[in-house]
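Got your viewer open? Load the model below, keep the selection box handy, and we'll walk through it stop by stop.

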Amino acid sequence: MSMDVIGSPRTVTGARVVIVDDEVDFARGLARLVGGHFSDLDVVAVHSAKEALLALSAKSAQLMITDLRMPEMTGLQLLSQALGLQPDLSMVVLTAYGTIETAVEALRAGAYDFLTKPIEPEQLFRVVEKGLERSRLLEENNRLRQILASKECGGELVGEGAAMRQLKRTIAAVAQSEYTVLVRGESGTGKELVARMVHHLGVRASRPFLAVNCPSIPENLLESELFGHVKGAFTGADRDHKGLFAAADKGTIHLDEIGDISPAVQTKLLRVMQDGEVRPVGSSKSSRVDVRVVASTNQDLEALMQAKTFREDLYYRLNVLTITLPPLRERAEDIPLLAGHFFRAACREMGLAEKEVDPEVMHWMAAHPWPGNVRELQNFVRRLTVFATTERVDMNLLRMVQQGGCLPVPTEVDMNGGGTALGLYKVAKAEAVAVFTQSYVNELLAQTKGNVSEAARVSGLSRVAVQKILSRMGESAARFRD
């Protein structure tokens, strides 16, 4: 391994790396190489697992690079104990070409990555950079969780994919300022939740947070709702009304679906944001307010400006800081996490035991486009929970809910009018197909004595198809071999 520093130094402030190898010269050389490439990085070289644990106990680190084969305590044993001391630590193991299996074992035990000897400097730098970034993100996520645990935000952002990691970083940065925020995203992506997080993570957290859904209030009442009115200002105004801006003084107001407000209200909103004053409808006096505005929209405001239905000057007042929420289809890797979270929440809400969800159901959910985004997924999970008659959520239940959302119809129906009423055609058909499949496959496997290949030949299905049907039924071919 050459000790020449390749490429220009990278700045990494405040991070610490511990390098562990019983070969003293190798450990020191690796430390010089890493320290030379990453300026302001605290790099420590130690020569045993015991020294590494002492170094970690004395001061936390973000990254540890350790050899696997060391006397007294192996790298795998060090891995377990180091992660016990600091769970967010990124561990990278060093291995020779002949011990790749051991490296794979280390990854399963919690290592972040591995490097093979002899080490290529460029590969080393990439692994160090990614490992430091991973630790930084984990620390930031933990910090956000701790803050949110002490403050009521009405929900949480679930997801660990790249898009969600970037979103959480953006929210944390935006929350520390006092500037106006524009939250953009499709319906159902969680814009109000993000607005609440911006408020609760900021300096106004102890002050009021008021949210108003602009389209839900009739146009002739929205101005009064936002800015207040005095008694006698219009028919029915039998007393003074404070208005949301005055009520949110020193706090935050969330204007949801800002793109739907009328030009008249836009003009008055612009005046409030420019002057910091509100004038109630029917009053000749203005009063000062100190309110942070967080607006949100699912509309293309730039197109609305081109169409002259949204004021350009208001747009630039609102769009000081922007948070863009990714649609669910762009973060499909988070869907199993979200679905599991919603299943647990729905079971708690209904006082039920937690449901076991078949892998096929999760695969279907991860592949579905979810045009209604997180809200649609949450509602679908709630329907599955309501209609689940057992502790297991399988594809039969999913299809039944998808096709009609009704309870399963009885398998025996009195066609002469003397029995149970018929249900929806689609649901009845799905139930009949399920009953037929169960009966057919049971008889098929009984005839073939549990031989899946023979069952596939007789039925004209593939082996994979037969195995999938068995999995959905919760059945095993081995039972028919006795």
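Here is a tour that starts with the whole chain and then picks out one region after another.

**The whole thing**

Bear in mind that this is a predicted model. Show it as a cartoon: you should find 19 helices and 16 strands. Of the 482 residues in the protein, 44% are buried. Its exposed surface comes to about 24900 Å², with carbon and sulfur atoms supplying 50% of that. Take contacts between residues at least 6 apart in sequence, and 70% of them link residues at least 24 apart.

**Stop one: the five-stranded sheet**

Select 181–184, 209–213, 252–256, 292–297 and 321–324. Together these five strands make an open sheet with parallel pairing, and the order across it is β9-β10-β13-β8-β14. The edges are β9 and β14, each of which pairs on one side only. From one strand to the next, the twist averages 20°.

Now walk in from the β9 edge. β9 and β10 pair in parallel over five bridges, and L210 has I253 in β10 as its bridge partner. Carry on to β13, which runs parallel to β10 and is joined to it by four bridges. Pick T252 here and you'll find its bridge partner, R292, in β13. On the other pairing, β8 and β13 are also parallel, over four bridges; R184 is matched with T297.

**Stop two: strand β13**

Stay on β13 and colour by burial. How many of its six residues are buried? Six of the six are, so the strand is largely enclosed by the rest of the structure. In a regular strand, side chains alternate between the two faces of the sheet. Turn on sticks to see the two sets: R292, V294 and S296 on one side, V293, A295 and T297 on the other, with both faces covered.

**Stop three: the largest nonpolar core**

Nonpolar side chains tend to be buried together in soluble globular proteins. Here the largest nonpolar core has 31 residues, and those touching the most other members are L226, F245, I253, L255, I258, L269 and F310. Show them as spheres. The elements giving two or more residues to this core are α8, α9, β10, α10, β13, α11 and α12. Which one gives the most? That's α10, with five residues.

Zoom in on I258. Beyond its neighbours within four places in sequence, I258 is in contact with L182, L269, A295, S296, T297, F310 and L318.

A second, separate core is worth a quick look too: it has 24 residues, among them A339, L377, F380 and M395. F380 also belongs to an aromatic cluster with W364 and W370.

**Stop four: helix α8 and the glycine after it**

Select 219–227, which is α8. Its buried residues include L222, E223, S224, L226 and F227. Show what covers the buried residues of this helix, and you'll meet β9, α9, β10, α10 and β11, among others.

Step off the end of α8 and you land on G228, whose phi is positive, near 90°. G228 sits in the loop between α8 and α9. Is this loop residue buried or exposed? With a relative accessible area of 0%, G228 is buried. Setting aside neighbours within four places in sequence, G228 is in contact with E223, H241, K242, G243, P280 and V281. Try a distance label as well: the C-alpha atoms of G228 and G282 are 9.2 Å apart, although the two are 54 residues apart along the chain.

**Stop five: helix α5**

Move over to residues 121–149, helix α5. Pick S135 within this helix: at 1% relative accessibility, S135 counts as buried. Ignoring residues up to four places away in sequence, S135 touches Q62, D88, L89 and S90.

Then find F125 on α5 and bring up F38 in strand β3. The structure holds six aromatic pairs. In this one the ring centres of F38 and F125 are 6.1 Å apart and the planes meet at 80°, so the pair is edge-to-face. Both F38 and F125 are buried. F38 lies in β3 and F125 in α5, so their pairing ties together parts that are 87 residues apart in sequence.

How values were computed. Residues are numbered from 1 along each chain as its sequence is written. Side-chain values use heavy atoms; hydrogens and water are left out. Buried means under 20% relative accessible area, exposed over 50%, partly exposed in between (1.4 Å probe, protein chains only). Contact means heavy atoms within 4.5 Å. Two strands pair if DSSP finds at least two bridges between them. Axes are lines fitted to C-alpha atoms, for helices over the stretch in contact, and angles run from 0 to 180 degrees between N-to-C directions. A nonpolar core is a set of buried Ala, Val, Leu, Ile, Met, Phe, Trp, Tyr and Cys residues joined through side-chain atoms within 4.5 Å. Accessible areas come from the Shrake-Rupley method with a 1.4 Å probe; for residues, only the protein chains shown count as cover. Rings of Phe, Tyr and Trp (its six-membered ring) pair if their centres lie within 6.5 Å; planes under 30 degrees apart count as stacked, over 60 as edge-to-face and the rest as tilted.
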